[in-house]
Each structure stands twice: as structure tokens, then as C-alpha cells.
Amino acid sequence: MNPSPLKVSSEIGRLKTVLLHRPGKEVENLTPDLMERLLFDDIPYLEVARQEHDAFAEILTGNGVEVLYLEDLAAESLTDVFVRGSFVDDFISEARIPGRGTRESLKDYFLSFEPREMVDRMMAGVRWHEMADARRLSLADKLSTDDFFAIDPLPNLYFTRDPFATIGSGITLNHMRTDTRNRETLFAKYIFENHPRFSDCEIPIWFDRDEHTSLEGGDELILSPKVLAIGISQRTDAASVETLADNIFRDGQTFETILAFNIPKKRAFMHLDTVFTMVDRDKFTIHPEIEGPLQVFSIKKDGDGLKIEEMTATLEDILKSTLKLDDVTLIRCAGGDPVDAPREQWNDGSNTLAIAPGEVVVYSRNYVTNELLRDNGIKTYVMPSSELSRGRGGPRCMSMPLVREEI
């Protein structure tokens with residue numbers, strides 16, 4: 001086996017290769033009745049969302065970043081007919097469709113297409129009228145309460161950060177909190193097992209999608225080659241942090257400490273990276289509302305087990321001592337203003353994507369926070385954001401780095 005082609009040992013090392021998903025028909029298959037189930041608060045306008053996403057990709061490619069697309073890698077991983085059949089079986093099984101006739105009809109429908117169109121349709125969801133030969137044979141089929149969709153769309157896919165995460169030379173292949181997002185991790189599973197870019201490589205898995213507790217990529221931050229930060233959040237369980245720690249410490253990677261951030265369990269603070277991101281070696285964005293209730297635990301290897309200690313210092317002091325820094329600057333979302341900060345936090349003002357030390361991609365609508373970043377010496381690449389932001393995720397949420405330079 002060849003060595004892993006993945007390498008991410010910091011949040012801020014110059015970005016070399018990144019995975020995105022260009023929003024597709026799945027966004028237009030959102031309806032008001034589906035929004036809660038599919039974790040949306042609003043429905044983006046697809047045409048403009050794509051324009052914004054293309055502008056995001058252009059910022060990245062314009063700075064020398066190789067941009068890969070989830071939909072392309074997935075299709076290229078499914079050229080073998082047997083692999084394709086297995087993928088369709090797994091995808092339908094995880095959708096938890098009770099009707100046998102519906103499951104059989106969906107399988108025939110998906111397998112009637114070439115890999116790229118099949119992937120697009122699986123991501124988009126399938127309306128009943130698209131399957132002309134839908135067989136509603138069983139009692140469960142006949143009593144289906146969904147009048148429009150045989151299988152739900154996956155509108156969260158453009159947040160590629162969450163289903164898996166690159167850490168060091170390996171990945172966490174995540175078990176998502178909700179069934180609607182857990183299907184997304186199948187694309188990563190089949191890509192890493194079957195795509196020619198990865199299938200002949202030795203890629204360690206620090207956390208597997210078959211675990212019974214949840215872990216999501218927005219809660220996984222790499223502060224340095226020795227320090228990880230993991231959020232215990234609305235979407236990630238404390239037990240998952242321990243599983244990840246056991247596996248990554250046992251492998252002999254460079255990481256020595258995991259800081260577990262226990263953040264409030266509510267939608268506005270969905271993941272750690274919605275309230276805290278790294279923008280330079282000693283500078284971080286933060287939403288001020290988490291500072292009061294925030295608990296931080298230090299996790300280190302201790303023989304065959306883990307040593308876990310609660311840290312009682314301020315966040316600045318915790319970061320200084322753990323990262324061996326003389327000083328730390330916390331750049332508070334909108335400066336902590338009682339009106340501007342909650343508004344810009346809702347639109348992911350603290351969710352930045354570093355493409356190099358001190359260089360970050362930000363949403364245009366968070367102009368107060370963006371100005372503060374510039375005041376603190378951070379170079380900002382501003383992308384349009386009126387529609388993409390409706391999904392409650394920012395530039396970091398929409399990107400999964402695969403390779404960064406060492407810092």
C-alpha cells in the first residue's frame with residue numbers, strides 16, 4: 001500500500017487541496033414542510049447559491065488551491081458495476097424506507113443511469129413522479145405518508161466539512177447525529193475505498209461511521225501538529241471524543257493533546273467551528289456568548305488509557321499554555337456588540353476558512369467582523385453570501401481540506 005495522500009496538521013497551513021460540493025437540485029427539493037427534518041431554517045435560491053459557490057471556488061483556485069468536487073469523486077468511484085450495486089443497496093437501506101416495493105423501484109431507477117447522473121439523482125432526492133414504474137406492493141408502500149418524495153433530498157451536502165474530516169494522514173469517517181445526514185457519509189466511504197486517488201493508499205480511520213455515538217467534522221479543529229480541539233456540542237458526543245483520542249494516540253501521530261470544548265447545545269452554536277475558528281498562529285475568531293459557559297478539558301495519552309483534566313484558566317491562557325504562545329488574540333464576532341454579534345453569528349461570522357496563516361475566506365454579509373479581522377492584520381477574501389448562508393454554515397463548513405502545507 002502507498003502512503004496516505006492526505007496531510008492536514010493545522011488549521012492554517014497553506015491550503016493545497018480541498019473538497020467541495022457545488023449545490024444541486026437537492027436544494028430545490030427543499031419544501032417548508034421538509035425544512036425541520038432536513039435541518040434547514042430557510043430555502044436558498046439555487047441559481048444564486050451556485051453563483052456564490054462558484055465565486056468561493058474561484059477564490060480558492062486563484063490562490064493555487066486544487067479544488068475537487070464530491071459529486072465527481074463519487075461518480076469516479078462507482079464505475080465498477082458491483083461496487084455501484086453495493087452503494088445503491090447501502091444508500092437505500094440507510095434511508096430507512098419501510099416499503100419493499102419502494103426500495104426495489106428505487107434500486108432499479110438509480111441503476112438505470114450512468115454513475116455521474118446516478119450520483120446527482122441520489123443527492124437530489126427522488127420525487128414519486130420521476131419513477132414511472134414505482135411499485136407500491138406492500139402495506140407499508142400503500143400507507144406511505146410522503147406524497148412527494150420516494151427518498152428525501154440531501155441539501156446539507158454542500159457542507160462538506162461534516163461527514164468526514166482529515167486529521168493528520170487519516171480521517172474520521174463520521175457517524176452523524178441525524179439519519180438525514182448519515183447517508184452523506186456513504187459517499188466518503190466509497191470514495192476512500194474505491195477511487196483510484198485513494199484506494200491504493202493506507203489511510204487510517206480514527207473514527208468509523210459504524211460507531212453508536214455521533215461525531216461531526218464541524219467540531220474537529222487542528223490547532224497545531226500537536227494539539228486538536230474537539231467540540232462537545234449539539235452534534236458531537238463526549239464518548240466520540242474519547243474514541244477518537246484512543247485511536248489517534250495509539251497510532252503514533254504527532255498529536256499529544258486534545259482540548260475538548262464543551263459548548264452550549266443549541267442550534268446557534270451547532271458546531272465548535274460556528275463559534276470558534278483559527279485565523280493565524282496566535283489569532284482566533286470567537287462568539288463572545290460561549291466564553292462564560294465554556295468548559296475545556298485536556299485529554300492526553302496515559303499508558304494504555306487517557307488522562308482527562310478540566311482546565312480552569314481563561315480561554316486565552318489555555319490556548320497560550322497548550323500551543324506554547326506568548327500571546328493570544330481572540331477576535332470577538334462583531335466586537336461583542338449586543339445587536340451586531342448575534343446577527344453576524346447567525347450568519348457564521350465566526351466561521352472562517354484559513355487558506356494560509358493570516359489569510360481567510362469570509363462571508364460578505366458579516367462586514368462588522370470582517371473589518372475587525374482586517375484591523376487585527378488578517379487578510380480577508382470576501383465571498384458573496386446571501387443564499388449560501390441560509391443553510392447556517394460558512395466558508396469553513398463548506399470545505400474539507402485534504403492537503404495543507406506544514407507550518
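Trainee: Which backbone oxygen lies 2.7 Å from a polar atom of the side chain of Arg161?

Mentor: In this predicted model, that atom is the backbone oxygen of Ser399. A polar contact requires N or O atoms within 3.5 Å, and the 2.7 Å of this pair falls inside that limit.

Trainee: Why is Arg161 said to have no salt bridge?

Mentor: The nearest side chain of opposite charge is that of Glu11, and it is 4.7 Å away. A salt bridge needs a side-chain nitrogen of Lys or Arg within 4 Å of a carboxyl oxygen, so 4.7 Å does not meet the criterion. Arg161 is nevertheless buried, and it is found in the loop between β5 and β6.

Trainee: With neighbours within four places in sequence left aside, what is Arg161 in contact with?

Mentor: Its contacts include Gly217, Gly218, Leu353, Cys397 and Met400, and Asp273, Arg396, Ser399 and Pro401 also belong to the list. Asp273 and Arg396 appear again in a network of salt bridges, where they are linked with Glu11.

Trainee: What makes Arg181 and Asp162 a salt bridge?

Mentor: Their side chains meet at 2.8 Å, N to O, and that value lies within the 4 Å allowed. Arg181 belongs to helix α8 (residues 179–182) and Asp162 to the loop between β5 (149–151) and β6 (164–167), so the pair ties together parts that are 19 residues apart in sequence. Both Arg181 and Asp162 are buried.

Trainee: How do you know that Arg116 and Asp120 are about one turn of the helix apart?

Mentor: Both residues lie in helix α6 (residues 115–124), with a separation of 4 residues. Their side chains also meet in a salt bridge, at 3.2 Å from N to O.

Trainee: Why is Arg116 called partly exposed?

Mentor: Its relative accessibility is 37%, which is neither under 20%, as buried would need, nor over 50%, as exposed would need, and Arg116 therefore counts as partly exposed. Asp120, at 33% relative accessibility, counts as partly exposed by the same reasoning.

Trainee: Is Lys283 buried or exposed?

Mentor: The relative accessibility of Lys283 is 16%, and because that is under 20%, the residue counts as buried. Lys283 forms a salt bridge with Asp282, the closest N and O atoms being 3.6 Å apart, which is within the 4 Å limit. Asp282, with a relative accessible area of 26%, is partly exposed.

Trainee: How many salt bridges does a search of the whole structure find?

Mentor: The search finds 29 salt bridges.

Trainee: How many aromatic pairs does the count come to?

Mentor: The count comes to 12 aromatic pairs, and one of them is formed by Phe91 and Phe187.

Trainee: Why is the pair of Phe91 and Phe187 called edge-to-face?

Mentor: The ring centres are 6.0 Å apart, inside the 6.5 Å limit for a pair, and the planes meet at 65 degrees, which is over 60 degrees, so the label edge-to-face applies. Phe91 lies in helix α4 (residues 81–94) and Phe187 in helix α9 (residues 184–194), so the pair ties together parts that are 96 residues apart in sequence. Phe91 counts as buried at 0% relative accessibility, and Phe187 counts as buried at 1%. Both belong to one aromatic cluster, which also includes Phe87, Tyr109, Phe110, Phe113 and Tyr190.

Trainee: Why is α9 described as largely enclosed by the rest of the structure?

Mentor: Of its 11 residues, 8 are buried, and the helix is therefore largely enclosed. Among the buried residues are Glu184, Leu186, Tyr190 and Phe192. The buried residues of α9 pack against α3 (70–76), α4, α6, β6, β7 and α8.

Trainee: What makes both faces of strand β7 count as covered?

Mentor: Gly170 and Thr172 are buried on one side of the strand (residues 170–173), and Ile171 and Leu173 are buried on the other.

Trainee: How do you know that β6 and β7 pair, and in which sense do they run?

Mentor: They are joined by 4 bridges and run antiparallel, and since pairing needs at least two bridges, the criterion is met. Ala165 stands opposite Thr172 in β7. Strand β7 is also joined by 2 bridges to strand β9 (residues 205–207), in the parallel sense, and there the bridge partner of Thr172 is Phe207.

Key:
Residues numbered from 1 in each chain as written. Predicted model: local features only at pLDDT ≥ 70, side-chain atom pairs only at ≥ 80, totals over all residues. Heavy atoms only, no water. Phe/Tyr/Trp six-rings, centres within 6.5 Å; stacked < 30°, edge-to-face > 60°. Buried < 20%, exposed > 50% of the residue type's maximum accessible area, 1.4 Å probe, protein only. Lys, Arg positive; Asp, Glu negative; His and termini not counted. Polar contact = N/O pair within 3.5 Å; in protein donor to acceptor, adjacent residues only side chain to side chain. Contact = heavy atoms within 4.5 Å.
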